[in-house]
Amino acid sequence: GRVEALVAGRDRFGNLALWAGPGELERARMAPPDRVWVLVGDRRHRAAVGATFADVPRGGLLVYPDSHGLLALAVNGGSALERVAAAPGEVVALEAMGP
């Protein structure tokens, strides 16, 4: 129920790539449309596992596999970089929310 990964980098839209792939989510028993916590330091953010930005409402935080085969964090219509304030090399944890 938990995946930990380093932030690999960010793109010009504020999406954050993580050094983890879809297999890590699968092993942690997380899949669309599960709700998860994104933990960065002592901060906790609600997110959903999905495949496209349409899987979350505008302003929603999304965990999805990006075009490079890495997991990524994105905000529909916004910036995950601004929302979670994580820098490259920082550890991000994804944790199942439970029922």
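**Exercise 1. Determine whether Glu 24 is buried, partly exposed or exposed in this predicted model, and identify the side chain with which Glu 24 forms a salt bridge.**

Solution. Step 1: the relative accessible area of Glu 24 is 31%. Since buried requires under 20% and exposed over 50%, Glu 24 is partly exposed.

Step 2: the side chains of Glu 24 and Arg 27 meet in a salt bridge, with an N to O distance of 3.8 Å. The cut-off is 4 Å, and the pair therefore qualifies.

Step 3: both residues belong to helix 1, and because they are three residues apart, about one helical turn separates them. Arg 27 is exposed, at 63% relative accessible area.

**Exercise 2. State how many salt bridges the model contains, and which residues are joined into one network by shared partners.**

Solution. Step 1: the count is three salt bridges.

Step 2: Arg 2 pairs with Glu 4 at 2.9 Å, N to O. Glu 4 is exposed, with a relative accessible area of 52%, whereas Arg 2 is partly exposed at 41%.

Step 3: Arg 2 also pairs with Glu 95, at 2.5 Å, N to O. This pair links distant parts of the chain, for Glu 95 lies in strand 7 and Arg 2 in strand 1, 93 residues apart. Glu 95 is partly exposed, at 25% relative accessible area.

Step 4: through these shared partners, Arg 2, Glu 4 and Glu 95 form one network. In general, side chains of opposite charge can pair when their charged atoms come close.

**Exercise 3. Describe the largest nonpolar core: how many residues it has, and which elements give two or more residues to it.**

Solution. Step 1: the largest core has 24 residues. Val 38, Leu 73, Val 92 and Leu 94 have the most contacts inside it.

Step 2: the elements giving two or more residues are strand 1 (2-10), strand 2 (16-18), strand 3 (35-40), strand 4, strand 5 (61-65), strand 6 (71-75), helix 2 (80-84) and strand 7.

Step 3: beyond its neighbours within four places in sequence, Leu 73 is in contact with residues including Leu 16, Leu 18, Val 38, Val 84, Val 92 and Leu 94. Leu 62 and Tyr 64 are also among the contacts of Leu 73.

Step 4: a second, separate core has six residues, including Ala 48, Leu 62, Tyr 64 and Ala 72. In soluble globular proteins, nonpolar side chains tend to be buried together.

**Exercise 4. Establish whether His 45 is buried or exposed, and which residues it contacts beyond its neighbours within four places in sequence.**

Solution. Step 1: His 45 is found in strand 4, residues 43-49.

Step 2: His 45 has a relative accessible area of 15%, and is therefore buried.

Step 3: with neighbours within four places set aside, the contacts of His 45 are Val 36, Trp 37, Val 38, Leu 61, Arg 83 and Val 84.

**Exercise 5. Identify the residues that form a nonpolar patch on the surface, and place Val 91 within the fold.**

Solution. Step 1: the patch consists of Leu 6, Trp 19 and Val 91, which together have about 320 Å² of accessible area.

Step 2: Val 91 lies in strand 7, residues 91-96, and is partly exposed at 43% relative accessibility.

**Exercise 6. Report the mean pLDDT of the protein chain, and which element has the lowest mean value.**

Solution. Step 1: the chain has a mean pLDDT of 95, and 99% of its residues reach 70 or more.

Step 2: among the elements, helix 1 (residues 22-27) has the lowest mean pLDDT, 95, and strand 6 the highest, 98.

Technical notes:
Residues numbered from 1 in each chain as written. Predicted model: local features only at pLDDT ≥ 70, side-chain atom pairs only at ≥ 80, totals over all residues. Heavy atoms only, no water. Patch = residues over 30% accessible without salt bridge, like charges linked within 9 Å, V, L, I, M, F, W, Y side chains within 5 Å. Areas by Shrake-Rupley, 256 points an atom, 1.4 Å probe, with all protein chains shown as cover. Helix = DSSP H or I, 4+ residues; strand = E, 2+ residues; numbered from the N terminus. Buried < 20%, exposed > 50% of the residue type's maximum accessible area, 1.4 Å probe, protein only. Contact = heavy atoms within 4.5 Å. Core = buried A, V, L, I, M, F, W, Y, C linked by side-chain atoms within 4.5 Å. pLDDT = per-residue confidence, 0-100.
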